Every structure is written in structure tokens, then in C-alpha cells.
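Hi,

Here is the structure I promised to pass on to you. Have a look at it first, and then read on for my notes on what turned up.

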Amino acid sequence: MTIFDSLNPARPAEIIGSFRTSTHIDIDEAVERATDAQKAWSAVPIPARAEMIAAIGDVLASRKAELARLVTVEAGKILTEAGGDVQEAIDMARFIAGQGRAAWGTTHPCELPSKFGFTTRHPVGIVGMITPWNFPVAIPSWKAFPALLAGNGIIIKPSEMAPACCDAFVSACVDAGIPDGLINVVHGFGEVGAYLAAHPKVRAISFTGSVATGRKVAIAAMEVGPKLLSLELGGKNAAIVMPDADLDLVIEGALFGGFGTAGQRCTSTSRIVAHRSIATELTARLAECTAALNIGDPLDARTNIGPVINAESAARILAMVERAAEEGNGIVVGGKIAHPEGCEGGSFFEPTIITGADRNSYITRNEVFGPVVAVLEVSSFDEAIDTVNDCDYGLSSAIYTKDVNLAMEALHRLDTGIVYVNAPTIGAEIHLPFGGNKHTGNGYREAGSRGLEQFSETKSVYIDYSGRLQKAQIDNREALS
Ligand code: NDP
């Protein structure tokens, strides 16, 4: 039996919990439990399923403070952001509950008389969910609630870096009255996720994580035969700053977008594409504000930036910054591993501003997933758009300008799944679709009204009440000659 510990990234001597790595037998049993429970659940009327999901939202709301604290000590988010993580799950429960009484399909006229067409949705069966650690309550909720509403059974494999948060989320579901066996958690490292992805009785896989792991999951899932597969992967998000932008707003947004969650959001602002005419002033003011940020214990209300997830991550971020310096980029502020007082052994990285990079630089092409922002200079709006789009990822982008025409032009031309105007690249709301283009995903969107797509099969139904055989495309149509 293999046991692993989940550690507080701010003080790794503090063990948040010990977890047993699930074996193949455990996973098989979880699939069987979910299969049994799903049969009854799929027969429950959809509005009644929705009421159960609303009840989960109420339980989460009543536990918001304790869950937020757990997110802080296990994933390292400062308390306000940890509260946002939990609130996202509460919001998602309420939104998805409402979807239970919304349209479930579409109706269509038919080309033949006395015939009617409509679509409806059906559960896929058992859904496997593989989730990262950076939104340890919100991301399981994005996946679990629509999957439950659609009538599925669930197996979640959370990151081994945030297993306690996932267990607490599932406990809230169970305490709200979700039937036994419908939601299951398996724990462990990549191998557990790979076995789940390849499991022949798991009909759909919903994965959020890095591009590299997403590829492995896709290969494992498809090896046993086609499955529904949704991939939400990395980002290299950029904010354009035009000469007429409100620089105070830009700086506030850049600090939140670049350094919130210590830069470990898939939507983090890691590139600022600034017009040359304001780039020097912007960089100087941004550097000054960055240097004033407090790094430290995320439980302390004075802290702006908590730890990165672990020591390997801090070392990886340092190596990326060093490579930028070797390429001749300037490190204006930050650039080092930090050792704040009272956080012995914690993994912290100074918020960092890099200049002198262009669109081809290593630091502007690769996801850092840490508190590192590169400022790139451009000479025109067109060059700004080309620079943002010249990237493998396509998750989130922003433009700061007071010119409504430029803003409209930008939102049409930016090749990302999410665009913000006069706001940072982070801050999605759960009732709009979430996801990205290019290497960021494979075309699905989570949340919003499209969140159900990856967890349900659409069925097209034709009802012919003419009492005779009618032939579509043949009766009363053009003759062959
Ligand atoms: P990883 O890709 O390292 O891991 C994601 C999940 O996959 C974890 O549960 C991990 O388990 C599991 N896993 C690892 N290897 C395998 C494998 N071979 N087969 C199946 N599962 C496996 O990502 P992180 O957890 O480090 O999260 C950060 C990444 O997530 C960033 O790239 C970020 O951009 C992306 N992300 C994307 C979002 C989006 O919506 N687009 C939202 C949030 C994050 P274990 O950790 O136990 O190895």
C-alpha cells in the first residue's frame, strides 16, 4: 500500500493529510459503484437532480470559510482568492441547478408533412475527471455539477497536490444527499489518472491540466476505443495596452492578473503587450508596485502573494527566468526564490517583471505558471494583435483602451476563447463558456450553457404521425433526370 502526504506549500513540515494511492482494483470498484448508482440516478427527473445540486451549493456555502482555509493551506492561495475558489463552486451549483429547468433540446420543422423533429440529451454513463491543484474546489465543481445534472456517475482523480480539497468537496456532495456511490474519488499520481482514462467502462474523460499531460490522457483514453474527451489545457495570456489606456487601471489589473494565485492560473497575465509610447512609464510604475507586494503566509491578511505549489515548481520558474536572462532579457524586479519569515521550507518566488523580450523569446512562448510577467513593446495596434496571436495557446487576452472601435476590432481579431476589455485576463464568471483555442483545448467549453455538452449525448428524434412511409430527400424532390 502506498501512502503519500499532502503538504502545506507555505510550511511543508505541516502535513494536511495522508492519502492511499488507489490501486487498479480500487478504481475498478469505484467504476462498478458508480455504474450501479448511475442507473437509478439517470431515472430521476432532471429538475429533481437539479434540486440536489442546489442543495450541494447550500452545503458548500455553509462551509465556505472552512473550505477556503483548506484551499489556502493545501494549495497556497491567499484567503480572499481561496474564498473565490469556493464561491465559484457555489455559483456553479446554483447556475447548474437552474439549468435543470431550462430547455433540454431544440425543436425543428421537418421537410415532410405530419412529421416533427426535436433533440434531447442523454447521460453518457460514467465520467472520469482528472483535475489540477490550482482550483481544487472550483474545477471539480465545473465538471461534477453538469455531469450530475446530465445523469452520469462520476470518478474524480484530483492532483496529488490537493487531494484534501477534493475530498472535502465530495463530502459536501454526500452530506447534501447525493446517492451512495454516484461520486467517487480515487487518489494518486499520473498512473492512477492514466488507468482511469483508459478504463473501458468510463465513457467520457474530462481533463484539466498541462498540454503535456493532456496529450498522454488523450492517447490513453483513445487507445481503448473512442470516448468523449474534453481537454482544458494551458495558457500564455496577454494584455494589450494602448496609448490611451488608463495606466492606473492597467497596473492594478496587471498585478492581479499576473500575480494572483502567484501566477498559477491558466488565465494568468504572463505577457503585457504595451505600445512603445507608454511602455517605459508603464514598466517603471509596474515594477515599483511589484516590489511593494508582500510575499508570505497566505493565511495572513497582509499577504499579497503566497507560495507556489512546491519546491520543484519554484526551481522550474527560476530556471525559466535564468534562461530569459541568458537570452539577454532584463529582470527589472524579482527573479529569485524567496524565503519569507515564518514560512520555513516554503516554496516562494518573487513577483518578477521581465523586459526586452519579443514574441519569439523563450519566456514569451512558454507557460511559466508562476509570478512572472514579461512586458513586450510594439509600435501599433496591428503589431499588438499579431504578437498576442503568435502563440501556441489561445485561452485569454485583454485590451486596455478607451477607443471603442479598437476594442471591438480587437475582440474580433484576438484568437483566444476569452477576451476582456479594460480588465485583466483573469476573472471568468461561471455562466459564460470557459475554454480556449489552439493548444489550450480540443474545442469543448466548460461552464456556461455549453458545460453540459461534454457530459451528455445529443439524440435527434423524428416523429412521423402521417401513418404512411415518407422518404426524406426522395418524396416530392427533384427528379434524377
Ligand atoms: P498536470 O498536467 O501536471 O496534472 C493535471 C492532472 O493530471 C493531475 O491530476 C495529475 O495528477 C494528472 N496526471 C498526471 N500525469 C497523468 C497521466 N499520465 N495520465 C493521467 N493523468 C495524469 O497539471 P497541474 O496539476 O500542474 O496544473 C497546472 C496546469 O493546468 C497548467 O498548465 C494550467 O494552465 C492548466 N490549467 C488549465 C485550466 C483550463 O481550464 N484551461 C485551468 C487550470 C489549470 P498528479 O498531479 O497526481 O500527477
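Helix α7, residues 190-198, lies across three strands: β5 (126-130), β6 and β8 (204-208). Relative to β5, helix α7 runs at about 155°. Please keep in mind as you look that this is a predicted model.

Those three strands belong to a sheet. In what order do the strands of this open sheet come? The order is β7-β6-β5-β8-β9, which makes 5 strands, and the pairing is parallel. At the edges sit β7 (183-185) and β9 (228-232), each of which pairs on one side only. From one strand to the next, the twist averages 15°.

If you would like to zoom in on one pairing, try β6 and β7. Strand β6 covers residues 153-157, and 3 bridges join it to β7, the two running parallel. Ile156, for example, has Val185 in β7 as its bridge partner.

A second helix to look at is α8, residues 211-223. This helix has 13 residues, and the distance from its first C-alpha to its last is 18 Å, close to the 18 Å expected at 1.5 Å a residue. Which residues of α8 are buried? They are Val211, Gly214, Val217, Ala218, Ala220 and Ala221. The cover over these buried residues includes strands β5, β8, β9 and β17 (393-394), together with helix α7. After α8 comes Gly225, which has a positive phi, near 125°.

Two residues that are not glycines also have a positive phi, and I have put them side by side here:

- Thr261 has a phi of about 50°. Thr261 lies in the loop between α9 (247-259) and β11 (269-275), and this residue is buried, with a relative accessible area of 7%.
- Gln473 has a phi of about 65°. Gln473 is found in the segment after β21 (456-464), and this residue is exposed, at a relative accessible area of 61%.

Next, the cysteines. How many disulfides does a search of the whole structure find? The count is 0. Take Cys173: the closest cysteine sulfur to its own is that of Cys166, and the two sulfurs are 8.9 Å apart, so they are too far from each other for a bond. For a disulfide, the sulfur atoms would have to be within 2.5 Å. Cys343 is in no disulfide either, as the nearest cysteine sulfur, in Cys165, is 18 Å away. Both Cys173 and Cys343 are buried: the relative accessible area of Cys173 is 0%, and Cys343 has a relative accessibility of 3%.

Finally, a step back to the whole chain. The domain assignment gives domain 1 as 3-233 + 441-462 and domain 2 as 237-421. How far apart do the C-alpha centres of domain 1 and domain 2 lie? The distance between these centres is 30 Å. The contact between the domains takes 21 residues from domain 1 and 27 residues from domain 2.

A good place to begin in the viewer might be helix α7, with β5, β6 and β8 that it lies across. From there you can move on to α8, since α7 is among the elements that cover its buried residues.

Happy exploring, and do write back with any questions.

Best wishes

Note on methods
Residues numbered from 1 in each chain as written. Predicted model: local features only at pLDDT ≥ 70, side-chain atom pairs only at ≥ 80, totals over all residues. Heavy atoms only, no water. Helix = DSSP H or I, 4+ residues; strand = E, 2+ residues; numbered from the N terminus. Buried < 20%, exposed > 50% of the residue type's maximum accessible area, 1.4 Å probe, protein only. Pairing = 2+ DSSP bridges. Axes fitted to C-alpha atoms, helices over the stretch in contact; angles between N-to-C directions. Contact = heavy atoms within 4.5 Å. Expected span 1.5 Å × (residues − 1). Domains from an automatic or database assignment.
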